[in-house]
Amino acid sequence: MLDHTHAPGAKSWVDGANGHPDFPVQNLPMGVFRHDGGTPRVGVAIGEHVLDARAAVELGLLDGLDPASRQALSANRLNDWMALPATARQDVRHALFALLDASHPASARHAAQAARLLHPQAECELLLPADVGDYTDFYAGIHHASHVGKLFRPNNPLMPNYKHVPIAYHGRASSICASGTPVRRPRGQVRTAAGVDTPAYRPSAQLDFELELAIWIGPGNALGEPVPLEQAASHVAGYGLLNDWSARDIQAWEYQPLGPFQGKNFASTVSPWVVTAEALAPFRRAAMARGDGDPDLLPYLRNTDDAAMGGMAIALEAWLSTPLMRERSLAPQRLAASDARHLYWTPAQMVTQHTLGGCNLRPGDLLGSGTISTPDDSGHGSLLELTHGGTRPITLPSGETRLFLEAGDEVTLTAHCSRDGFQRIGFGASRARIIE
């Protein structure tokens, strides 16, 4: 689905947008912002600015769009935009591109409206992109699953079902947080010592981050009507970054036999910008190749197009800054460098599996990809892996060591896509600081 909006030579009339590492005119991610204490509005990131979509509608600059699309851009959350069919979302992208394109015949008229259309991002409060009705976290990062499995089951790291079915658990939508929201250390029941089955109630001592993709659901499906794999990609509106915080000691005590609960439900931090599925078209790639020993998939999880283009090349990074590092003006330490290429299951397969039994997905529902780690030690997407289960501390530039996160630590997730012949685009950041 490559088109003129992906042309590497396209320029914008917005100052600072051309060559911007995250938000050139080829990206145009969607979000929700507030300026000068006003009401929330749909915005579009362009360079270091936010385009006010409602203002563009009110000025008549998007009159070529259908009424439903204009109404969605005038809303205070992205749910209505996500509910649009994929063809209408593409029309929105084309209209926004035309509005910001320096070569458009009306670009001078558009630029003359800049004072009403644009706000510096630094002066805006970036909010949660959508009202999240439901949240499901998958476990599609096979290298994370293998690394963690080896810590607890050295002889059987992957459970027998892993390569047959996309595994997930239903999370807590109410604790999805916008980037920048502090995360309070949870308290709960934990083991008092290894092998001891008498718990204690105390603050988690093993607070961890997880490097994940956020997958935002588009139109969704009716109750009882599964989404076949060949249609599933059209039900993904866009992508962001997700830090699915984990209290490993609480999780270890409670997760059997029913899985994650309070060790996972206290906070999950998402990035504010939704990079649209259309913007990612140049960075699509084949799904992860299945090994010779991998089982054949059941037919409902097999599709030629999804196998050929259902994966994505998205470079992912996780960074840590401690209070002492900030006091000494030290740069954040990179903890992980990974890539969405390491997902064993595609987003479309996740959508199909989620709806297989008739579960209805709704616009603004959120899927987590699961922690995305590399096969080697260069890109562990969690401290659980980095410290080998909390037994091997990492050393930071300040001389401090960490097994897990401490008070005042700030974790930032970033991502970008790059490919020869195309403009680099980025995701912004998912950032949060730990408070006690």
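## Thr-412 and the two-domain interface

A polar contact of 3.3 Å links the side chains of Thr-412 and Arg-431. The model is predicted. Thr-412 sits in strand S25, residues 410-417. Its relative accessible area is 10%, so Thr-412 counts as buried, the cut-off being under 20%. Beyond its neighbours within four places in sequence, Thr-412 touches Glu-317, Ala-318, Trp-319, Ala-429, Ser-430 and Arg-431.

Now the domains. The domain assignment splits the chain into domain 1 (4-127) and domain 2 (135-434). Their C-alpha centres are 29 Å apart. Domain 1 gives 32 residues to the contact, and domain 2 gives 28 residues.

Between them, domain 1 and domain 2 bury about 2300 Å². Carbon and sulfur atoms carry 63% of that area. On the domain 1 side, His-6, Met-82 and Arg-89 supply 25% of the area buried against domain 2, more than any other three residues.

What polar links cross the interface of domain 1 and domain 2? Eight residue pairs are in polar contact there, both residues at pLDDT 80 or more. The salt bridge count between the two domains is zero.

Four elements each give two or more residues to the side of domain 1 that touches domain 2:

| Element | Residues |
|---|---|
| Strand S1 | 30-35 |
| Strand S2 | 41-46 |
| Helix H3 | 79-83 |
| Helix H4 | 86-100 |

By class, this side of domain 1 holds 19 nonpolar, 10 polar and three charged residues.

Terms used: Residues are numbered from 1 along each chain as its sequence is written. This is a predicted model: local features need pLDDT of at least 70, side-chain atom pairs count only at pLDDT 80 or more; totals for chains, interfaces and linings use all residues. Side-chain values use heavy atoms; hydrogens and water are left out. Domain bounds come from an automatic or database domain assignment. Contact means heavy atoms within 4.5 Å. Buried area is the accessible area (1.4 Å probe) that two parts lose on being put together, summed over both. A salt bridge is a side-chain nitrogen of Lys or Arg within 4 Å of a carboxyl oxygen of Asp or Glu. A polar contact is a pair of N or O atoms within 3.5 Å; within protein, one must be able to donate a hydrogen and the other to accept it, and residues adjacent in sequence count only if both atoms are side-chain atoms. Ala, Val, Leu, Ile, Met, Phe, Trp, Tyr, Cys and Pro count as nonpolar, Asp, Glu, Lys and Arg as charged, and the others, Gly among them, as polar. Buried means under 20% relative accessible area, exposed over 50%, partly exposed in between (1.4 Å probe, protein chains only).
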